[in-house]
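Trainee: Could you take me closely through a single part of this model, and then set that part against the rest of the protein?

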Amino acid sequence: MAGALGHGWRLAGDLRRLARHGALRPFESHPDVPAPARLGARLLRLGAGAPAEPDFAGGLKACGPAAVKLGQALATRPDLVGPDVAAGLKQLQDDLPPEPWARIEAELDSALPGGWRAHLAEIAPEPAGAASIAQVHRAVLHDGRVIALKVLRPGVEAAFAEALASYAWAAERLERLGCEFERLKPRQVIRSFRQWTETELDLRREAGNASALKEAVRGEPGIAVPAVIWPLTTRRTLALEWVDGIKLTDLAAVAESGADRPALAAALVRGFLAQAIDKGFFHADLHQGNILLAPDGRLTLIDFGIMGRLDRRARVYLAEILYGLITGDYARVADIHFEAGYVPPYHDRLDFATALRAVGEPIRGRQASEISVAGLLDGLFAITRQFDMPVQPHLLLLQKTMVMVEGVALSLDPEVNMWEVASPYVKRWMRDELGPEARAADSIVRNLRLMAELPGLARRFVRQLPPDSAAPPLPPLPPLDPPRPARWPWLLLGLALGAGAMALLGG
């Protein structure tokens, strides 16, 4: 009971802070919000001097760093908070006043064996950037290399642990209400949020993300990821090579650099597709502040706390969905949704295809500047509600990142059309991954796996046979001919190749 009271008191305080910034106004009249909650939102605003225009970013910043991170996560869920709230949350910048240098220096001396002076020739006391979880300082190694050293804020783990416990408590009670809350899976949202924050609170995990992403974009022209300096990377510190670049938030400086902005926009889109579709591992926080234009003309990605993952099956479905939308084959897109289990089988496929057409046709062939992303998302989420589609967090994260990438690309080149840039890449990937050769290889692998299971199946069959005493002994067998070389391995290989060929011809 004491725990419940503690969670309730903490959340009530956060709700009051949100009310002071007008951030609860949209929920006062929302039809999907239960009547008691609508009344509570109005009561919390009384006497708070709330502005007429909701300030979501200001309200969440007043609630602390965990709320800032939760707001960034909820920006990916317009189906949960509504498109207007999600649009406001996208403006939430993860920047806070820096910690005093004395406290950061103590953290460095504790995290690095022998203290920071044993590893660094110098470090700038003023941070290059300060976020809710950590801040970054420019430093110089004893060999003269310049690095970016990220340090966790003191006490941040305990603050996040308390906040996450309260959020999980609230999400569980919301989901118990059933109906729309059950479909939207708030507990799953908080679980995903916990995974993100756990990654960001252990900077070794972020270092692993950076290293894996560097491998994923290797060979992709126009995209770069800084290298990890592993000897200075610990749970509380992350060291990366320093990149002198222009943040894409400073478009005037990008223009003055003389960079080919349409080429940068296309490189960004292709680089994201290489991560998501080709490797199944993508940077999921690609806003302008996390992308630098380096002196060599490449776009350098930074901040690797939030990453997305897709297995091969999900990537194949994604590629087919994208290709179907690009080509207008809505029947195929509908089939993919049903085959993947995204749409319950009691719905009609043709109805679903028609609903997709109503959303997809208005954007085909149009410039990105002519497409309302908010309207597109509203149409897509209306379909998810109409057809009882359970929320797929990994696809929502991917969708949010695609919209973010499109927005950054549009800021670089107002004439960019993400569909046109994506089309040849998706077609090539589908040819390589879904063509006859790929299907033949998949069939051979499946049959070889089946062959590997045959000995175990045989042993289980023999164990189920009756004991020797259950039947009369068999007469002796006649003498055998001299043994011949075993041919069963070749027979099994022939059967596997034959099955693969039949599967290929049948497909």
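Mentor: Just after helix α3, Gly-64 takes a positive phi of about 110°, in what is, it should be said at once, a predicted model. The helix that precedes Gly-64, α3, spans residues 56–63 and is mostly covered, since six of its eight residues are buried. Those buried residues are Phe-56, Ala-57, Gly-58, Gly-59, Leu-60 and Cys-63, and Cys-63 lies at the end of the range 56–63 that defines the helix.

Around this part, the secondary structure of the protein comes to 21 helices and eleven strands, and of its 507 residues, 44% count as buried. Among the contacts with a separation of 6 or more, 68% are accounted for by residues 24 or more positions apart, while the accessible surface comes to about 26300 Å², with 59% of that area belonging to carbon and sulfur atoms.

Elsewhere in the chain, a pair of helices can be described in a similar level of detail: the axes of α10 (residues 186–201) and α11 (residues 203–216) come within 4 Å and cross at roughly 95°. Because angles of 65 to 115 degrees count as roughly perpendicular, α10 and α11 are therefore roughly perpendicular to each other. In their contact, Thr-199, Glu-200 and Leu-201 of α10 meet Leu-203, Arg-205, Glu-206 and Asn-209 of α11, and the residues involved divide into two nonpolar, two polar and three charged.

Note on methods. Residues numbered from 1 in each chain as written. Predicted model: local features only at pLDDT ≥ 70, side-chain atom pairs only at ≥ 80, totals over all residues. Heavy atoms only, no water. Helix = DSSP H or I, 4+ residues; strand = E, 2+ residues; numbered from the N terminus. Buried < 20%, exposed > 50% of the residue type's maximum accessible area, 1.4 Å probe, protein only. Contact = heavy atoms within 4.5 Å. Areas by Shrake-Rupley, 256 points an atom, 1.4 Å probe, with all protein chains shown as cover. Axes fitted to C-alpha atoms, helices over the stretch in contact; angles between N-to-C directions. Parallel < 35°, antiparallel > 145°, perpendicular 65-115°, else oblique. Nonpolar A, V, L, I, M, F, W, Y, C, P; charged D, E, K, R; others polar.
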